[in-house]
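Grab a pencil and work through these exercises with the structure open beside you. Try each task before you read its solution.

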Amino acid sequence: MPNRVMEENTDTWLMNYFRPYFNSITYYSWLREPDYCDNYMQRWTRDNKLSVNSQPIRFELASFWRIVRDPQYVTFLKEVGVKKVQLTFFGMEEMTDKYTGRKGAFKELLEATEILIANQIAPRWQAFINEENKNEIVQLLSLIETLELQKRCQVFKEDFKFFVHSGSCDGENRKLYDIRIEKDNIPEAMIPYYLNYDKVITERECCSLLMSDTSNVVYHNEDEIVLYISNQYDAYFNFTHMSEAWKIGNLKTDNHDEIIHKIVAEDIPALHLARSITVKELVEQYGNKSSNRAFFIDDYKGYLLNCYLEDKLG
């Protein structure tokens, strides 16, 4: 979606929008990457003040762009209790720069790794693997060994972690379906690091397991409701990517009470359509029964559903 700056005090407006309806609200002023703006310290303080009967947490996310450019940032991370930071690779230099979308990203990731370790924060490397970059992903193991990352993190009693996966098959990652890694092509050296490898199966195996499944792929909120608010005030659940089918409504233009009803009742086009088609029918229409692409079965169900929704709603 377009990169658009929202109006001043949008955060207060959003909290006032939801406050009358919910007893506990945790507010985060970011959607995909925290600390993206210069006033990240003030934003963190403000997020905490705005939240109602709840406090935001840091997860393992930080901006590696800011780590290498702002000496105060890593100090801030320590002050708010960050002990591990996830850094994402797509192979070695050329491939990581390509997928990240800017030249120099790979070198920045390595520099961020050094800065984190120097400040006793453990880097956590994740790598997305596909048919295009599978050989380069293997090279990361040699780099990890050369940099002695595990040994250096253990000095301050934290573990370095490296894991690999192919990601879900929705949103931007769905565009990479054609080069999604085939299970037999996952390099043997990567298997110990592949996230939940024991649950990875091929697409053809998914189809075989699901071809008689008469249930529906219907997502549901459990103990809490997590909402994404786009920079154009469109609201979405965090079930999958932010497409038109999954939109709850627009907070600025749609009726306020109707929006709250849709959130609580999970009353959105995607879920209505999901109840109208069985998994078996999705497999029949969209499953590739000759494909060896690697999937987790729940991710595959989501992929099939989004294929259907795109056909129905665009």
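How much space lies in the largest cavity? Keep in mind that you're working with a predicted model.

**Exercise 1: the largest cavity**

Give the volume of the largest cavity, then describe its lining by residue and by class.

*Solution.*
- Step 1. The volume is about 70 Å³. Cavities of 30 Å³ or more number 3 in this model.
- Step 2. Now for the walls: S29, W30, P34, D35, Y36, C37, Y40, R43, W44, D47 and R58 line the largest cavity.
- Step 3. Sort that lining by class and you get 6 nonpolar residues, 1 polar and 4 charged.

**Exercise 2: the parallel sheet**

Work out the strand order of the sheet that holds β1, β2 and β3, and say why one side of β1 and of β3 is left without a neighbour.

*Solution.*
- Step 1. Read off the order: β1-β2-β3, an open sheet of 3 strands with parallel pairing.
- Step 2. Look at the edges, where you'll find β1 (84-89) and β3 (161-165). Each has a single partner strand, so one side of each has no neighbour in the sheet.
- Step 3. Check the twist: from one strand to the next it averages 20 degrees.
- Step 4. Zoom in on one pair. β1 and β2 (residues 122-128) run parallel and are joined by 6 bridges. F89, for instance, has A127 in β2 as its bridge partner.
- Step 5. Add the helix. α7 (residues 134-147) packs on this sheet and touches β1, β2 and β3. The direction of α7 makes about 165 degrees with that of β2.

**Exercise 3: the second largest pocket**

Find which elements each supply at least two residues to the lining of the second largest pocket.

*Solution.*
- Step 1. List the lining: L141, I144, E145, E148, L149, Q150, K151, F160, K161, F162 and Y193.
- Step 2. Match residues to elements. α7, α8 (149-154) and β3 each supply at least two of them.
- Step 3. Count the classes: 6 nonpolar, 1 polar and 4 charged residues.
- Step 4. Finish with the volume, which is about 220 Å³.

**Exercise 4: the antiparallel sheet**

Which strands are the edge strands of the sheet with antiparallel pairing?

*Solution.*
- Step 1. Start with the order, β5-β6-β7, in an open sheet of 3 strands.
- Step 2. Pick out the strands that pair on one side only: β5 (227-229) and β7 (247-250).
- Step 3. Neighbouring strands here are turned against each other by 25 degrees on average, direction ignored.
- Step 4. Follow one pairing. β6 (residues 234-237) and β7 are antiparallel and share 3 bridges, and A235 sits opposite G249 of β7.
- Step 5. Bring in α11 (residues 256-265), which packs on the sheet and touches β5, β6 and β7. Its direction makes about 165 degrees with that of β7.

**Exercise 5: two crossing helices**

Decide how α10 and α14 are oriented to each other, and name the residues that make their contact.

*Solution.*
- Step 1. Get the angle. The axes of α10 (residues 203-210) and α14 (residues 297-313) cross at roughly 85 degrees and come within 10 Å.
- Step 2. Classify it. Angles of 65 to 115 degrees count as roughly perpendicular, so α10 is roughly perpendicular to α14.
- Step 3. Name the contact: E203, C206, C207, L209 and L210 from α10 meet I297, Y300, K301 and Y303 from α14.
- Step 4. By class, that contact has 7 nonpolar residues, no polar ones and 2 charged.

Notes
Residues are numbered from 1 along each chain as its sequence is written. This is a predicted model: local features need pLDDT of at least 70, side-chain atom pairs count only at pLDDT 80 or more; totals for chains, interfaces and linings use all residues. Side-chain values use heavy atoms; hydrogens and water are left out. Two strands pair if DSSP finds at least two bridges between them. Helices (H or I, at least four residues) and strands (E, at least two) are DSSP runs, numbered from the N terminus. Axes are lines fitted to C-alpha atoms, for helices over the stretch in contact, and angles run from 0 to 180 degrees between N-to-C directions. Contact means heavy atoms within 4.5 Å. On a 1 Å grid over the protein atoms alone, a cavity is a set of points where a 1.4 Å probe fits but cannot get out, and a pocket is an open set with protein on both sides within 12 Å along at least five of seven lines; lining residues have an atom within 4 Å of a point. Grid points are joined across faces, edges and corners, and a volume is the space filled by probe spheres set on the points. Ala, Val, Leu, Ile, Met, Phe, Trp, Tyr, Cys and Pro count as nonpolar, Asp, Glu, Lys and Arg as charged, and the others, Gly among them, as polar. Angles under 35 degrees count as roughly parallel, over 145 as roughly antiparallel, 65 to 115 as roughly perpendicular and the rest as oblique.
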